[in-house]
Amino acid sequence: MSSSKNARLVTALIAGAIFGVGLGIAGMTRPSKVLAFLDVGGAWDPSLALVMLGAIGVHVVAVAVARRRSSPLLAPKFSWPARTHIDMPLLAGAALFGVGWGLGGFCPGPALTTAASGNLAAIAFVVAMVGGMTIRHLQTRTTKRS
Amino acid sequence: MENFTPGSALVGGALIGLSASIYLLGLGRIAGISGILASATKLDDAPDGRGEKVAFLVGLLAAGLALRFAAPSVFESGAAMTLPWVVAAGLLVGYGTRLGGGCTSGHGVCGLSRLSTRSLAATMTFMATGAITVFVVRHVLEVTR
């Protein structure tokens, strides 16, 4: 492997590790805290709003810098998302994701981080989550073929 | 407001933002965990950058393992959910994030930071259905979990 490829892999690894630590400190790895944020009709805990604000507050700076650049630091190009208009799959998918989040108190990142800590419920969640992703993937492949 | 932890929320959030910033400025990619997982498990049609996504995932998992020993209180023990419940939740999250093209990190953090109207619509939607779900479970059906 070239040294630039190594640099990219190490950068990704470090970014992932910081993400996981951030999730832990933020309280995202505690379903009860996530559910308390979504429990607007009960003992509401707004902490997760500050998690998002803190994350966006930092990330908007990076986005502004990135937009001025022709390429990232270690890769040949930016992979900006292509789609711009709001469509049914976006809304339906987000709606379903929200239901699952409200049921389990886990979204993908925290579920993976918690699963890695050896938590059996989180491991089961991750297995099911990959199952759900597989169903969607097979569905798109079937649609393409027909 | 109960159990409000503004300090750790902001610090944790800032770290998440930092991670996404490194991933964007360094590698030009969006730190959307659902997309990263899908790529790492070859459940998408985008082989580009798969190695980097696997590396990100490994870092995320390594952090989880490290936190188990360094700061175990960030996790909760004693699963209050039954297995069918957990599986249903996981299936919905897995299917929904792929159908919708993102999750809390991809749409909520990265998308909103880019002022993406798609991500705004997605974030508002999953926040709404998440809140409705918790409301129904806790205050209508009164399932204790």
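Helices and strands here are DSSP runs, numbered from the N terminus; a helix has at least four residues and a strand at least two. The model shown in every figure is predicted.

**Figure 1. Chain B is built from helices.** Chain B has six helices and zero strands. Along the sequence, the pattern reads α-α-α-α-α-α. The C-alpha trace of chain B spans about 45 × 35 × 30 Å along its principal axes. Chain B has 145 residues, and 53% of them count as buried.

**Figure 2. Chain A also holds six helices and zero strands.** From the N terminus on, its elements run α-α-α-α-α-α. The C-alpha trace of chain A spans about 50 × 45 × 35 Å along its principal axes. Of its 146 residues, 51% count as buried.

**Figure 3. Thr142(A) lies in helix α6 of chain A.** Is Thr142(A) buried, exposed or partly exposed? Thr142(A) counts as partly exposed, at 45% relative accessibility. Now look for Pro31(A). Along the chain, Thr142(A) and Pro31(A) are 111 residues apart. In space, their C-alpha atoms are separated by 35 Å.

**Figure 4. The largest pocket has residues of both chains in its lining.** How much space lies in the largest pocket? The volume is about 1100 Å³. The lining holds 36 residues, and the closest to the pocket centre are Pro81(A), Arg83(A), Gly35(B), Arg98(B) and Gly101(B). Several elements give two or more residues to this lining. In chain A, that element is α6 (120–145). In chain B, they are α2 (33–40), α4 (83–100), α5 (104–113) and α6 (117–140). Which element gives the most? It is α6(A), with five residues. By residue type, the lining divides into twelve nonpolar, twelve polar and twelve charged residues.

**Figure 5. Cys107(A) and Cys103(B) do not form a disulfide.** A disulfide is a covalent bond between the sulfur atoms of two cysteines. A search of the whole structure finds zero disulfides over all chains. Why is there no bond between Cys107(A) and Cys103(B)? The sulfur of Cys107(A) is 6.2 Å from the closest cysteine sulfur, in Cys103(B), and that is too far for a bond. The cut-off for a disulfide is a pair of cysteine sulfur atoms within 2.5 Å. Seen from the other side, Cys103(B) has its closest cysteine sulfur in Cys107(A), again at 6.2 Å. Cys107(A) is buried, with a relative accessible area of 2%. Cys103(B) is buried too, at 1%.

**Figure 6. Helix α5(B) is largely enclosed by the rest of the structure.** Why is α5(B) described as enclosed? Nine of its ten residues are buried, so the rest of the structure largely surrounds this helix. The buried residues of α5(B) include Thr104(B), Ser105(B), Gly106(B), His107(B) and Gly108(B). Val109(B), Cys110(B), Gly111(B) and Ser113(B) are buried as well. After α5(B) comes Leu115(B), the subject of the next figure.

**Figure 7. Two residues that are not glycine have a positive phi: Leu115(B) and Glu142(B).** Most residues other than glycine have a negative phi. Leu115(B) has a positive phi of about 60 degrees. Where is Leu115(B) placed? Leu115(B) sits in the loop between α5 and α6 of chain B. Leu115(B) is exposed, with a relative accessible area of 73%. Glu142(B) has a positive phi of about 55 degrees. Its place is in the segment after α6 of chain B. Glu142(B) is exposed, at 59% relative accessible area.

**Figure 8. Ring pairs link Phe19(A), Tyr23(B) and Phe56(B) into a cluster.** The cluster includes residues of chain A and chain B. How many aromatic pairs does the structure hold? Over all chains, there are seven.

**Figure 9. The charged end of Arg67(A) sits over the ring of Trp80(A).** Start at the ring of Trp80(A) and find its centre. How far is the charged end of Arg67(A) from that centre? The distance is 5.7 Å.

Conventions: Residues numbered from 1 in each chain as written. Chains lettered and ligands numbered in written order. Predicted model: local features only at pLDDT ≥ 70, side-chain atom pairs only at ≥ 80, totals over all residues. Heavy atoms only, no water. 1 Å grid on protein atoms, 1.4 Å probe; cavity = no way out; pocket = protein on both sides within 12 Å on 5 of 7 lines; lining within 4 Å. Points joined across faces, edges and corners; volume = space filled by probe spheres on them. Nonpolar A, V, L, I, M, F, W, Y, C, P; charged D, E, K, R; others polar. Buried < 20%, exposed > 50% of the residue type's maximum accessible area, 1.4 Å probe, protein only. Phe/Tyr/Trp six-rings, centres within 6.5 Å; stacked < 30°, edge-to-face > 60°. Lys NZ or Arg CZ within 6 Å of the ring centre and 35° of its normal.
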